[in-house]
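Here is a short report on one protein chain. It covers strand pairing first, then surface and contacts.

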Amino acid sequence: MHGKAEVIELLLVAVLGGGHVLVEDVPGVGKTTLAKALARAFRATFTRVQFTPDLLPSDILGAQVLHPKDGSFSFQRGPVFTNVLLADEINRASPRTQSALLEAMSEAQATVDGVTHPLPRPFLVIATQNPVDYQGTYPLPEAQLDRFLLRVGVGYPPPEDELRMLYARQREDPLASVTPVASTDDLLALQAEVREVEMKEAVGRYLLALVTATREHRALSLGVSPRGALALFRAAQARAFLEGRRYVSPDDVQSLAVPVLAHRLALTTQARYGGLTGAAVAEEIVAATPVPT
């Protein structure tokens, strides 16, 4: 991924924070490459599901399969039983199919025909979606959006980096040369260490002040839930850990406010028609909230 250090850092924040990522951008900017490279770097199992309007929940979770010889049934696991699941173009599937991922994303388990099956650990969903004004897309419901730790946009690379990308792929796909730098056990250990990163009470109150401001903002009909507050807490811990610190600073909270909170905000009709976005509101709230010293 040339020229996308910030995107890679946000993805690592989500991985170390134990959360899922929603990547929203136009086709062809490297979303699938990003997910595959991450899985290879951690020697993790990887599955890709192309979401389409006719995709069924059983196509993701699995189903009971009949064995004609003896009339018995066995559970055939679906692609969700993996370490890294790439849900490609998730907003092209029906809301019913989208909702099949809710339990998996929240509790790392899947229930089929009344039987609950635990998913492998770690479990990470990287979902990509096209902009919602594209034809044949379904907006993700609020409950689904709230399960994603953060949302990122990849965007086009700078010209010089795009030129390097062209020549890097002249003879082969560089993805083939990605070698593991850690195992899934290493990743689980890192996630446990992230939980030990300290957040002083003053920083915690600052975080909650940002969250509370979303619930009171005139342009919003729905603010950030307690799950969203915890997501920002975990993401801030992960960013501090990546920076080599054992404590969370207000800068960690500020830098992650937009990618963690913006997709959780529901604008009023008036604000939406006025051209406001969730990201703009989140930035306004960060600018207006006093920072602890």
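In this predicted model, strand 1 (residues 20-24) pairs with strand 9 in the parallel sense, over four bridges. Two facing positions show the register. His 20 stands opposite Phe 148 in strand 9. Val 23 stands opposite Val 152 in strand 9. Strand 9 is mostly covered, with four of its five residues buried.

Both strands belong to an open sheet of five strands. The order is 2-5-8-1-9, and the pairing is parallel. Which strands stand at the edges? They are strand 2 (46-50) and strand 9 (148-152). Each has a single partner strand, so one side of each is left without a neighbour in the sheet. From one strand to the next, the twist averages 15°. In general, strands of a sheet pair through backbone hydrogen bonds, either parallel or antiparallel.

The antiparallel sense appears in another pair. Strand 3 (residues 62-67) and strand 4 (residues 72-77) pair this way over six bridges. Gly 62 has Arg 77 in strand 4 as its bridge partner. The two strands form a hairpin with four residues between them. Within this hairpin, Gly 71 takes a positive phi near 75°.

The two pairs read as follows.

| Pair | Sense | Bridges |
|---|---|---|
| Strand 1 and strand 9 | parallel | four bridges |
| Strand 3 and strand 4 | antiparallel | six bridges |

Next, the surface. Which residues form a nonpolar patch there? Leu 163, Leu 166 and Tyr 167 do, with about 340 Å² of accessible area together. Leu 166 lies in helix 7 (residues 159-168). Is Leu 166 buried or exposed? Its relative accessible area is 52%. The cut-off for exposed is over 50%, so Leu 166 counts as exposed.

Phe 233 is a contrasting case to examine. This residue is found in helix 10 (residues 226-242). Its relative accessibility is 28%. Buried would need under 20%, and exposed over 50%. Phe 233 therefore counts as partly exposed.

What does Phe 233 touch, not counting residues up to four places away in sequence? The contacts are Met 199 and Leu 207. Ala 110 gives a distance reference. Phe 233 and Ala 110 are 123 residues apart along the chain. Their C-alpha atoms are separated by 26 Å.

Key. Residues are numbered from 1 along each chain as its sequence is written. This is a predicted model: local features need pLDDT of at least 70, side-chain atom pairs count only at pLDDT 80 or more; totals for chains, interfaces and linings use all residues. Side-chain values use heavy atoms; hydrogens and water are left out. Two strands pair if DSSP finds at least two bridges between them. Axes are lines fitted to C-alpha atoms, for helices over the stretch in contact, and angles run from 0 to 180 degrees between N-to-C directions. Buried means under 20% relative accessible area, exposed over 50%, partly exposed in between (1.4 Å probe, protein chains only). Patches are made of residues with over 30% relative accessible area and no salt bridge: like charges are joined within 9 Å, nonpolar side chains (Val, Leu, Ile, Met, Phe, Trp, Tyr) within 5 Å. Accessible areas come from the Shrake-Rupley method with a 1.4 Å probe; for residues, only the protein chains shown count as cover. A salt bridge is a side-chain nitrogen of Lys or Arg within 4 Å of a carboxyl oxygen of Asp or Glu. Contact means heavy atoms within 4.5 Å.
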